[in-house]
Amino acid sequence: MIEVLQSGSSTTLQDAGRPGHRDRGIPASGAADRLSFGLANFMVGNDWDAPALECTLGGLHLRVLDDTVMAIAGAEMWAQVNGQNVTNFTSFPVTKGDILTLSFARKGVRAYIAIKGGFRAAPVMGSVSTYTLAGLGGIEGRALRIGDRLEASVKGTSGPQKIPPGYRPYLSNHVILRARPGPEFDALTADSRRHLFISPFFATPQTDRMGARLRGDKIVMSRPSSMVSSPLLPGTLQAPPDGQPILALVDGHCTGGYARALQVIRADHWLMGQIGPETQLSFRRAMDVEAANVLHYRNAFYSRLMPGFKF
């Protein structure tokens, strides 16, 4: 069991999400950076999709109430146990009374804290992932607060493990996303179509798990056009009338009424979980066959380490 001493900017309980409910307006949610989340669980010997904590921007302080093993992965937040540095992407034993602290995020924005056995919570629609906008999952459907206590599951684990060479992801404050043209890409001006793939964008403070509003060259349609609401997915880049695009993230709306300029390939969705205010973004054009091949290769590569893992 752990106790929350400081909850940081936002810390929520997440798992692999609740897919299959978009027809009712409920996004899949789940860990925003699925790869770092899975690796944190791998290091404590859990199944890759066991519930873990997602800390955004840092500031989290936890008191350990039982001897156990924990792991951290994802954004670099200079974690410490009782004032002693803990290396990112490692597991470590903790004993009753230890205090784990995460400072502010220096590279990336979301870190994952896994505990041996995984955190215990009541599933909602098959998942314990916290979707705060609808109050679903997690702890009363909200971010953690000071004084919250979370119990670990008693599920069996395979024991602590180290990440083999080549499997640790590289995180940067300049996120490069491969993307395919969206359904309304050809309705954009020629300059806009060019800017999307050659100009950098920056995430503004209007960025959360729902989406990131971007600042950069204006992305506009060749002529004003009204659209009916159309399906959106995580990774859809919309072009609203003000020309500043919006990138849908893991908790994004299921429909929207703006032009869909780009669609980030699925194999790169985990990188979108490390987008926060002032993160620099660039888009690189991907071909249809590339998107499928990269996803196949990446799923095969990481599922050798974490059985059942999929991006």
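In the predicted model, the largest pocket draws more of its lining from helix α3 than from any other element, with 3 residues contributed by α3. The volume of this largest pocket is about 550 Å³, and 26 residues line it, of which A28, R34, P234, R266 and H269 are the closest to the centre. Two elements, β19 (259–264) and α3 (269–272), each give two or more residues to the lining of the largest pocket. When the residues of this lining are divided by class, 14 are nonpolar, 4 are polar and 8 are charged.

The second largest pocket encloses a volume of about 310 Å³, and among the 20 residues of its lining, those closest to the centre are S10, T56, R110, D208 and R209. Here the elements that supply two or more residues are the strands β2 (10–14), β3 (52–56) and β10 (107–115), with the largest share, 3 residues, coming from β2. The lining of the second largest pocket comprises 7 nonpolar, 8 polar and 5 charged residues.

Apart from these pockets, the search for enclosed space returned 1 cavity of 30 Å³ or more. The space within the largest cavity amounts to about 50 Å³, and its lining is formed by I72, A73, A75, E76, M77, W78, A79, N88, L102 and A111. Strand β5 (residues 68–76) makes the greatest contribution to this lining, with 4 residues, and by class the lining consists of 8 nonpolar, 1 polar and 1 charged residues.

One of the residues lining the largest cavity is N88, which is placed in the loop between β7 (84–85) and β8 (90–94). With a relative accessible area of 6%, a value that falls under the 20% limit, N88 is therefore classed as buried. A polar atom of the N88 side chain lies 2.9 Å from the backbone oxygen of G74. When residues up to four places away in sequence are left out, the contacts of N88 are with I72, A73, G74, A75, E76 and R168.

Burial is also a feature of helix α1 (residues 34–44), which is largely enclosed by the rest of the structure because 10 of its 11 residues are buried. The buried residues of α1 are L35, S36, F37, G38, L39, A40, N41, F42, M43 and V44. At the start of α1, the backbone nitrogen of L35 has a side-chain oxygen of D33 within 3.2 Å, whereas just after the helix G45 adopts a positive phi of about 90 degrees. R34, a residue of α1, is also among the residues closest to the centre of the largest pocket.

Among the strands, β13 (residues 201–207) pairs with β14 (residues 211–215) in the antiparallel sense over 3 bridges, and the two strands form a hairpin in which 3 residues lie between them. Within this pairing, F202 has R215 of β14 as its bridge partner. Strand β14 is also paired in the antiparallel sense with β17 (residues 246–248), again over 3 bridges, and in this second pairing R213 stands opposite I246 of β17. The residues D208 and R209, which are among those closest to the centre of the second largest pocket, fall between the end of β13 and the start of β14.

Notes. Residues are numbered from 1 along each chain as its sequence is written. This is a predicted model: local features need pLDDT of at least 70, side-chain atom pairs count only at pLDDT 80 or more; totals for chains, interfaces and linings use all residues. Side-chain values use heavy atoms; hydrogens and water are left out. Two strands pair if DSSP finds at least two bridges between them. Buried means under 20% relative accessible area, exposed over 50%, partly exposed in between (1.4 Å probe, protein chains only). A polar contact is a pair of N or O atoms within 3.5 Å; within protein, one must be able to donate a hydrogen and the other to accept it, and residues adjacent in sequence count only if both atoms are side-chain atoms. On a 1 Å grid over the protein atoms alone, a cavity is a set of points where a 1.4 Å probe fits but cannot get out, and a pocket is an open set with protein on both sides within 12 Å along at least five of seven lines; lining residues have an atom within 4 Å of a point. Grid points are joined across faces, edges and corners, and a volume is the space filled by probe spheres set on the points. Ala, Val, Leu, Ile, Met, Phe, Trp, Tyr, Cys and Pro count as nonpolar, Asp, Glu, Lys and Arg as charged, and the others, Gly among them, as polar. Contact means heavy atoms within 4.5 Å.
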